[in-house]
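Work through the exercises below with the model open. Try each task before reading its solution.

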Amino acid sequence: MGPLTVASMLVFLVCAATTNADTSEIFQRTCERSTMHVQCPAGKTIRLRSAMYGRKEVNNECPNSGPDTTTCEAEDSGNIVAQMCNHENSCDIPASNSVFGDPCVTTVKYLDLVYWCR
């Protein structure tokens with residue numbers, strides 16, 4: 001191998017940065033009483049950005065038959081999901097009151113998750 005030039009070093013650094021800089025956030029939503037399956041490609045692991053179990057908006061994905069509560073969130077959602085999934089290649093998260101508690105009784109809740117695969 002010949003001597004490294006400034007140009008060849010720049011090409012190496014740009015390629016390395018492009019290959020390793022996976023910043024695509026992934027968003028998933030699962031309705032209460034369903035299980036969310038999270039899967040990263042082979043060789044990558046889940047890195048949690050945020051998790052919320054509750055209800056923050058009126059939406060048609062998880063229809064609500066009770067009062068339109070849009071201000072409820074289980075306090076420890078992020079920590080619970082992080083313990084289950086962080087640094088794993090895949091995990092299954094039940095969107096249920098038995099896992100997160102019931103932050104708003106009589107309201108249909110959902111689990112929102114934002115994560116990276118790195």
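At 3% relative accessibility, Cys40 is classed as buried. The model is a predicted one. The exercises start from this cysteine.

**Exercise 1. Find the partner of Cys40, and state where the two cysteines lie.**

Step 1. Look for the bonded sulfur. Cys40 forms a disulfide with Cys117, with an S to S distance of 2.1 Å. That is within the 2.5 Å cut-off.

Step 2. Place both ends. Cys40 sits in the loop between β2 and β3, and Cys117 sits in strand β6 (residues 110-117). They are 77 residues apart, so the bond links distant parts of the chain.

Step 3. Check burial of the second end. Cys117 has 5% relative accessibility, so it counts as buried.

Step 4. Assign the handedness. The torsion about the S-S bond of Cys40 and Cys117 is about -85°, so this disulfide is left-handed.

**Exercise 2. Analyse the disulfide between Cys31 and Cys62: is each end buried or partly exposed?**

Step 1. Confirm the bond. The S to S distance from Cys31 to Cys62 is 2.0 Å.

Step 2. Take the torsion. About the S-S bond of Cys31 and Cys62 it is about -90°, so the disulfide is left-handed.

Step 3. Locate the ends. Cys31 belongs to strand β1 (residues 26-31), while Cys62 is in the loop between β3 (46-55) and β4 (72-73). The pair therefore ties together parts that are 31 residues apart in sequence.

Step 4. Apply the accessibility classes. Buried requires under 20%. Cys31 reaches 21%, so it counts as partly exposed. Cys62 is at 2% and counts as buried.

**Exercise 3. Describe the disulfide of Cys72, then give the pairing pattern of the protein chain.**

Step 1. Identify the bond. Cys72 is joined to Cys104, S to S 2.0 Å.

Step 2. Map the ends. Cys72 lies in strand β4. Cys104 lies in the loop between α3 (97-100) and β6. The separation is 32 residues, and the pair links distant parts of the chain.

Step 3. Classify the environment. Both Cys72 and Cys104 are buried.

Step 4. Count. The model has four disulfides. With the bonded cysteines numbered in sequence order, the pairing reads 1-3, 2-8, 4-7, 5-6.

**Exercise 4. Which side chains of strand β2 point to the buried face, and how is β2 joined to β5?**

Step 1. Walk along β2 (residues 35-39). The side chains alternate between two faces.

Step 2. Sort them. Met36 and Val38 point to one face and are buried. Thr35, His37 and Gln39 point to the other face and are not buried.

Step 3. Add the neighbouring strand in the pairing. Five bridges join β2 to β5 (residues 90-94), and the two run antiparallel.

Step 4. Fix the register. The bridge partner of His37 in β5 is Asp92.

**Exercise 5. Examine the positive phi values of Arg33 and His87. Where does each residue lie?**

Step 1. Recall the background. Most residues other than glycine have a negative phi.

Step 2. Take Arg33. Its phi is positive, about 75°, although Arg33 is not a glycine. Arg33 is in the loop between β1 and β2. At 70% relative accessibility, Arg33 counts as exposed.

Step 3. Take His87. Its phi is also positive, near 70°. His87 is in the loop between α2 (77-85) and β5. Its relative accessibility is 51%, and the exposed class starts over 50%, so His87 counts as exposed.

Key
Residues numbered from 1 in each chain as written. Predicted model: local features only at pLDDT ≥ 70, side-chain atom pairs only at ≥ 80, totals over all residues. Heavy atoms only, no water. Buried < 20%, exposed > 50% of the residue type's maximum accessible area, 1.4 Å probe, protein only. Helix = DSSP H or I, 4+ residues; strand = E, 2+ residues; numbered from the N terminus. Pairing = 2+ DSSP bridges.
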